[in-house]
Amino acid sequence: MTALLEATGVGRTVELPDGPPLTILSGVDLTVHEGDRLSIVGRSGSGKSTLLNLLGLMDSPTAGELRFLGHDTRALRGSTRDRLRGREIGFVFQQFNLLPGRTALENVQTPLLYSNGREFWRRERIAREILDLVGLGDRLHTRPERLSGGEQQRVAIARALVRRPRLILADEPTGALDLETGGSVMGLIEEVAGQTDAALVTITHDPAIASRSTRHFRLESGRLVPSDAGVGVGGEVGVGVGDVGTDVGVSV
């Protein structure tokens, strides 16, 4: 089984303007293979966002080694890392982040504007196909403000998956949805991921969502530890940086 991503002793420390350095993550070991289904749970302030930024190649570790498709991510130039992320990693966020005033079709085409060759010229057709796959084939020309919350999330999912990424990172993907719609959305993400054997890493505070995965982890005091399915986050210990992050712009 091919390893897409390998983290070995990964840590993330940030410098504070008026205090000692703040360690958000330390000693993180994680291997993600093709087709994996992982969940990571943790309280607010436990480092989930920081870990997502590292796994998604949006940031670099300050300790340890993080390899993606065999590449040492700290050795990659910014433009190379950006291209790799855009081609191979899809993000599904709690906030839909759709472009206002643009139709569902236009929103989903956006990532394809940075493609080359055939994928660029076929972008509208590709976007139509993925929107049809998520059940929005009849809403192609509808703008986000005229879509329900569940429909907006489906557009966001289609946009994240339109380039058929090998790794999908879902950050609280159902946090803004009701229970029934949330379950439907997760089922949809899992279905699309299964079609391309993409790995799916879900970062959540919801034990019900976490239990859908086959491998389970929790963030505890800045460390990633294995967890049993369905274990909640109530007993977890955060790293106590939520207030600090707000004050100094550190997203954790």
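Guide: Welcome! Two strands pair if DSSP finds at least two bridges between them, strands being DSSP runs of E with at least two residues and helices runs of H or I with at least four, numbered from the N terminus. This is a predicted model, in which local features need pLDDT of at least 70 and side-chain atom pairs count only at pLDDT 80 or more, while totals for chains, interfaces and linings use all residues. Residues are numbered from 1 along each chain as its sequence is written, and side-chain values use heavy atoms, with hydrogens and water left out.

Visitor: What makes the six strands an open sheet, and in what order do they form it?

Guide: The order is β6-β7-β8-β3-β9-β10, with mixed pairing. Its edge strands, β6 (89-93) and β10 (223-226), each pair on one side only. From one strand to the next, the twist averages 20°.

Visitor: How do you know that β6 and β7 pair?

Guide: Pairing needs at least two bridges, and β6 shares five with β7 (residues 167-171), in the parallel sense. Among the partners, Gly90 is bridged to Ile168 in β7.

Visitor: What makes helix α2 a helix packed on the sheet?

Guide: Helix α2 (residues 78-88) touches β6 and β7; contact means heavy atoms within 4.5 Å. The direction of α2 makes about 70° with that of β6. Axes are lines fitted to C-alpha atoms, for helices over the stretch in contact, and angles run from 0 to 180 degrees between N-to-C directions.

Visitor: How do you know that β4 and β5 pair in the other sheet?

Guide: Two bridges join them, and they run antiparallel; at least two are needed, so they count as paired. One of the bridges sets Phe68 opposite His71 in β5. That open sheet has the order β2-β1-β4-β5.

Visitor: Why is Thr142 called buried?

Guide: Buried means under 20% relative accessible area, exposed over 50%, and partly exposed in between (1.4 Å probe, protein chains only). Thr142 has 14% relative accessibility, so Thr142 counts as buried. Thr142 is found in the loop between α5 (123-133) and α6 (149-161). Leaving aside neighbours within four places in sequence, Thr142 is in contact with Arg102, Thr103, Ala104 and Leu147.

Visitor: Where does pLDDT stay under 50?

Guide: Over residues 230-252. pLDDT is the predictor's confidence in each residue, from 0 to 100. The chain's mean is 85, while helix α9 (residues 242-248) has the lowest mean among the elements, 35.
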